[in-house]
There are 2 protein chains.
Amino acid sequence: MVDFSSFKTEAGMPIYLQILYFIERGAVAGTIADGDELPSRRVLSALLGINPNTVQKAFRLLEEEGLIESRSGAKSFMTLNADKISQLRVSLLTADIRGLTGALKRTGIDKAEALRLIDAFWDEEAGDEEV
Amino acid sequence: MVDFSSFKTEAGMPIYLQILYFIERGAVAGTIADGDELPSRRVLSALLGINPNTVQKAFRLLEEEGLIESRSGAKSFMTLNADKISQLRVSLLTADIRGLTGALKRTGIDKAEALRLIDAFWDEEAGDEEV
DNA sequence: TCAACCGTATTATATGAGTAATACAGTCGC
DNA sequence: GCGACTGTATTACTCATATAATACGGTTGA
């Protein structure tokens, strides 16, 4: 069963996308594996305190993406393979890195300082680093 | 005059926020300086192909933040000083770095690989790096 | 002075995100 | 079989974003 205990909704991004990315990143990280059972729309929505339709929207997109399989009346399961994971890994990391480097460049930071900041912040959770 | 020639709207974020961040990052980077004149709401909206009200929303927030000064009937100007810029720099960079490290960790990447990716992607614009 | 700007405000409309309530048919284990 | 679950679908509502069309009064420069 796919574990949602570490999932927390945040402001600023649609919840259905947060669910989508949570599944995608879990698949790439290996914490979610092929064949894993997904909680039902109703159960997950109750667990997260959101509407079943919001969960359904995320699951529908994941099914269109070929990452999960749903049959009317039955439970839903992850359908992963090495190719899908590899492809997903590239697209997620590329978007992450490109987004950050673009933002940092617009803020006038050079590469050396960027690397220093990543290095300093990596192990922190809620520290007050000197920027 | 604040230069918006490099500004392009993107999907996924409210346009008024994109304008807000563009000004903020320009102020931190030094490409926008204290006393710089801002284009009028009407002129900028025509230039960007968006609605004047969307520009006004961004400028209103910037004024509440104390980064610009507007007088009814007259033009608007940047009002920056070292303290404001320093404060802005910390908040922007902190949000950037925290966002990225969180995403990469959820994708199962370790620090060494993260630093390698940033280093490899920094000088690229639209390349096809091996991830 | 006065026309051409400027900032500001108001009202209306369209769209997408998210919630809410409900309904229907398929699957599964007892 | 049958009840409890499942996925799926529909309609309606709220809210934020963005657009659109105006309108008002202040500022500026020829």
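Select Ile15(B) to start: one of its polar backbone atoms lies 2.6 Å from a phosphate oxygen of DNA strand D, a polar contact (N or O atoms within 3.5 Å; within protein, one must be able to donate a hydrogen and the other to accept it, and residues adjacent in sequence count only if both atoms are side-chain atoms). This is a predicted model, in which local features need pLDDT of at least 70 and side-chain atom pairs count only at pLDDT 80 or more, while totals for chains, interfaces and linings use all residues. Residues are numbered from 1 along each chain as its sequence is written, chains are lettered from A and ligands numbered from 1 in the order in which they are written, and side-chain values use heavy atoms, with hydrogens and water left out.

**Stay with strand D**

Now show everything around DNA strand D (a residue is near if one of its heavy atoms lies within 4 Å). You will find 28 residues, with Arg41(A), Ile15(B), Tyr16(B), Asn53(B) and Thr54(B) coming nearest. Of the strand D atoms within 4 Å of the protein, 61% belong to sugar and phosphate.

Next, click Arg42(A): an N or O atom of its side chain is 2.8 Å from a base oxygen of DNA strand D. At Gly73(A), a polar backbone atom sits 3.2 Å from a sugar or linking oxygen of DNA strand D.

**Move to strand C**

Keep Arg42(A) selected, as a polar atom of its side chain also lies 3.2 Å from a base nitrogen of DNA strand C. Which residues come closest to DNA strand C? They are Pro14(A), Tyr16(A), Asn53(A), Thr54(A) and Arg41(B), among 27 residues surrounding that strand.

For phosphate partners, try Lys57(A), where a polar side-chain atom is 3.3 Å from a phosphate oxygen of DNA strand C. Then pick Ser76(B), with a side-chain N or O atom 3.3 Å from a phosphate oxygen of DNA strand C.

**Finish between the chains**

Hide the DNA and look at where chain A meets chain B. Each chain brings 37 residues to the contact, meaning heavy atoms within 4.5 Å. About 3,700 Å² is buried between them, with carbon and sulfur atoms giving 68%; buried area is the accessible area (1.4 Å probe) that two parts lose on being put together, summed over both.

The interface holds 6 salt bridges (a side-chain nitrogen of Lys or Arg within 4 Å of a carboxyl oxygen of Asp or Glu). Zoom in on one of them, Lys111(A) with Asp119(B), whose closest N and O atoms are 3.4 Å apart.
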